[in-house]
Amino acid sequence: MDIVAFEELTMVSATIAPEDERCAFGGAIIQTGLDTNRNGTLDGDEVDASSGQVRCNNTQPAAASPLISAFVAGQGMPTAGSSTTLSVTATDSSGGSAVSYEWFDVTNGMVLAEVGSTLAVAIPADAEPGDTFVYQVTVTDAAQVEQVRRIVLTVSELNVRPVTTVSTQSHQIFLPDGLAAPVDQPTGDFDGVVFFAGTDSIPANQQKMGNRSRRDLGGFAAQRRNFGFGNNSREELDNLRNSISSRNEYTLTNIATAVTRACAVGRYSMALENATSPTDLTRALVELVGLSVDPGALGSFPDGLPDEVLAALYEFRLSVCFYSPDDVVVLVSLVVDAVKEQYEAVTSGVTDGTNVGEADAMREQQTDEFVGTGAGGLADFLFVIDNSGSMGDEQDALSQAASDFISVVTNSGLDFQIGTVTTDRQTLRGVGYTNDTTQFQDDARPGTGGSGTESGIYWAERSLLSTALGDAEDGSSTLAGYPRTGASMSVVMLSDEPDQYSRYAGSTFDPNSNLFIDRSYPVYSIINEGSPGDYDDLALATGGSVASIDDITQFPAIMNAIATNAGGAASLFQLSETPISSTIVVTVDGVSLAEDSTNGWQYVSGSNSIVFRGDAVPSEGVEILVSYQYIDDGEPASP
């Protein structure tokens, strides 16, 4: 038998950094092998592949912060024969930069020669769509603290849009085309990626006319530990929003808050005390809500641009995906308000919650086929308006925003009707249901002489009662013939006071078991969010949204958001899987259409549907193909 000299036997113990997926509180990995070149260390090609025993700490050690703060694939869904670059940002456990990198091709079981922080990857020309290529990087610092991270590349078909893939401790996060993730990412207690957009990063074929600057948008995607005390996505979103709005320099107005399959999603108008650049505002929000531990510290941060725009008003979008108290994903985008419409596709793709999967989740390709009908479906709306003494200004603002609302609905090709009642009776106002703008504007002003005992929920429920569906009587909407056969019914409630359902019904209202849920009527509540009540719970339970009544200047944006979401509920184009929305490609009779809120298509996450706009509404008989990739990761996050 072979005799091995004792001095050639080597064992090494490398520390595993906290946050490494193998050990929640860090630990050590024991590796053995032969030091054949007798240099006193165990080189990568000398490690016995069968060794590598992991021993985990039972509690969080005082030293050793995570090494890796960003791990990004510039193209996470490459096509056969293409290439992409993987890049890692890391610092040593004491905050310095003495780190080394070892790359490993997991798919082929090969240690790679590259030793820097980037790796160029070529996809074989004969690769098939759906094939996966897994790469692993091991980062080790001068103190032998080690962290391992993997990233998965899935070969895409040619007919889906590209995305950037971010690998965090436990997740893959996909970012839409048009965002630029700088090579120099944040360091310190951060696990994710920071990105920007402007004329330098939006592809030329996606740019529209407008007063864009080189950098109009900033944001980040990050995984962190529980930053509040909530037990689900909605509670955590509330905690995060409160931590931002409690700062004197930020004023948030809620345009729409909703709960999707995996995440709680908020869209706000953000007014700043002082005009600030997208880069500086992004950094401030990372430090406030994006760090991986609390309290944490941010190291370096990407530089701003010399001529970067300064703004005091932004559209701010925030999503929280809750998996466990130690596993929360935060998605943030902020864009200068004056150009927000130009970035709608990018900001929704970042924050709609469809772009987060488990670290080992597979991605699948899907194409759904539809036939055009020449219309956008049937949509009925019931508005319930508070007519008590304090509502004069709000009614005026709603009336003024009515034309915007009808414009958005009409532009979707929907056959729509709108009925209006008040918070103290179910009698339909005006001529009943109407699609006339002037009539709706008048109906939206019921006056302020109504009862101070307001209940939008009770009177909407009464109006929608139906003996055909098992109720004891028919309500005012049902008697008028609404909702129409085949039409969606969306309920919009406007009130500045808590709902007083029990004063009329003699019993409390259950937001989770009611007529609206049973009959799939989404509720949209425009309310005073500081007042306790059932309006917000009902809206989120039905797949609707909540908006703030406090700033009437935001009513046009609020009404537009409601019209878009309600159009999704009436859409004839419901998708079979939940897509990564930024990969969607829509073709009509073989011609690709733009994602555009005026003349194109939009994805509505709440209803998992495609809505067409303007000239893009498909005519009767045309073939519609919707191609996309989706994450097949089993259980969704807790909503």
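**Close-up views of salt bridges and a helix pair**

**View A. Asp337 counts as buried, at 18% relative accessibility.** The model shown here and in the other views is predicted. Buried means under 20% relative accessible area, so the 18% of Asp337 falls within that class. The side chain of Asp337 meets the side chain of Lys340 in a salt bridge, with 3.3 Å from N to O. Lys340 has a relative accessible area of 16%, and therefore Lys340 is buried too. Side chains of opposite charge can pair when their charged atoms come close.

**View B. Arg317 and Glu344 form a salt bridge.** The closest N and O atoms of the two residues are 2.7 Å apart. Arg317 belongs to strand 17, which covers residues 311-324. Glu344 belongs to helix 3, which covers residues 344-351. The two residues are 27 residues apart, and the pair links distant parts of the chain. Arg317 has a relative accessibility of 7%, so Arg317 counts as buried. By the rule used for these pairs, the count for the model comes to 18 salt bridges.

**View C. Arg484 and Asp380 are joined by a salt bridge.** Their closest N and O atoms lie 2.8 Å apart. Arg484 sits in the loop between helix 7 (476-479) and strand 23 (488-495). Asp380 sits in strand 21, residues 378-385. The two positions are 104 residues apart in sequence, so the pair ties together separate parts of the chain. Both Arg484 and Asp380 are buried.

**View D. Arg267, Glu315, Arg317 and Glu344 belong to one network of salt bridges.** The network arises from salt bridges that share partners. One of the pairs among these residues is Arg317 with Glu344, also shown in View B.

**View E. Helix 1 packs with helix 2.** Helix 1 covers residues 233-245, and helix 2 covers residues 278-290. Their axes are 10 Å apart, and the angle of packing is about 130 degrees. Helix 1 and helix 2 are therefore oblique to each other. Their crossing is right-handed.

**View F. Residues of helix 1 meet residues of helix 2.** On helix 1, the residues in contact are Leu240, Ser243 and Ile244. On helix 2, they are Leu285, Leu288 and Val289. Sorted by class, this contact has five nonpolar residues, one polar residue and no charged residues.

Technical notes: Residues are numbered from 1 along each chain as its sequence is written. This is a predicted model: local features need pLDDT of at least 70, side-chain atom pairs count only at pLDDT 80 or more; totals for chains, interfaces and linings use all residues. Side-chain values use heavy atoms; hydrogens and water are left out. A salt bridge is a side-chain nitrogen of Lys or Arg within 4 Å of a carboxyl oxygen of Asp or Glu. Helices (H or I, at least four residues) and strands (E, at least two) are DSSP runs, numbered from the N terminus. Buried means under 20% relative accessible area, exposed over 50%, partly exposed in between (1.4 Å probe, protein chains only). Axes are lines fitted to C-alpha atoms, for helices over the stretch in contact, and angles run from 0 to 180 degrees between N-to-C directions. Angles under 35 degrees count as roughly parallel, over 145 as roughly antiparallel, 65 to 115 as roughly perpendicular and the rest as oblique. A crossing is left-handed if the near helix is turned anticlockwise from the far one by less than a right angle, and right-handed if clockwise. Contact means heavy atoms within 4.5 Å. Ala, Val, Leu, Ile, Met, Phe, Trp, Tyr, Cys and Pro count as nonpolar, Asp, Glu, Lys and Arg as charged, and the others, Gly among them, as polar.
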